[in-house]
Amino acid sequence: MGEGFKVKQVEVKPGHALSLQYHKKRSEHWVVVEGTARIVKGKRSFLFEANESTYIPVGCVHRLSNPAKNTILKIIEVQTGKYLEEDDIFRLKDDFGRK
């Protein structure tokens, strides 16, 4: 973490998904390092393999999921912006009941 950026490793279990969400104050860059990622950006869905990446701009509705049956998905997420706190997550749909 530093001024204007935060880097995370994110793991998604087989068959699971993170929240359908957006951010008002930050953008994200995702790099797949292991597995296959299904990434929703707006109304479109994409599959990304290891060593492929995508950019999620501020305000873009997005979701990360792991379509695999036996493999953990691992990505590196680089958040950029002036505000990088967790309360900048606006969840539209969440499999775990979070708001």
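This is a short chat about His23 and a four-strand sheet in a predicted model.

Reader: Before we start, what kind of model is this, and how are residues numbered?
Author: It's a predicted model, where local features need pLDDT of at least 70, side-chain atom pairs count only at pLDDT 80 or more, and totals for chains, interfaces and linings use all residues. Residues are numbered from 1 along each chain as its sequence is written, and side-chain values use heavy atoms, with hydrogens and water left out.

Reader: Ok, where is His23 found?
Author: In the loop between strand E2 (20–22) and strand E3 (27–34). Strands here are DSSP runs of at least two residues, numbered from the N terminus.

Reader: Is His23 buried or exposed?
Author: Buried, because its relative accessibility is 2% and the cut-off is under 20% relative accessible area (1.4 Å probe, protein chains only).

Reader: And what does the His23 side chain reach at 2.8 Å?
Author: The backbone oxygen of Asp88. The side chains of His23 and His62 are also joined, by a polar contact of 3.3 Å; that term means a pair of N or O atoms within 3.5 Å, one able to donate a hydrogen and the other to accept it, and residues adjacent in sequence count only if both atoms are side-chain atoms.

Reader: Switching topic: what's the strand order in the open sheet?
Author: E1-E8-E3-E6, with antiparallel pairing. Pairing takes at least two DSSP bridges between two strands.

Reader: Which strands stand at the edges?
Author: E1 (5–12) and E6 (53–56); each has a single partner strand, so one side of each lacks a neighbour in the sheet.

Reader: How many bridges link E3 and E8?
Author: Seven, in the antiparallel sense. Trp30 stands opposite Glu77 in E8.

Conventions
Buried < 20%, exposed > 50% of the residue type's maximum accessible area, 1.4 Å probe, protein only.
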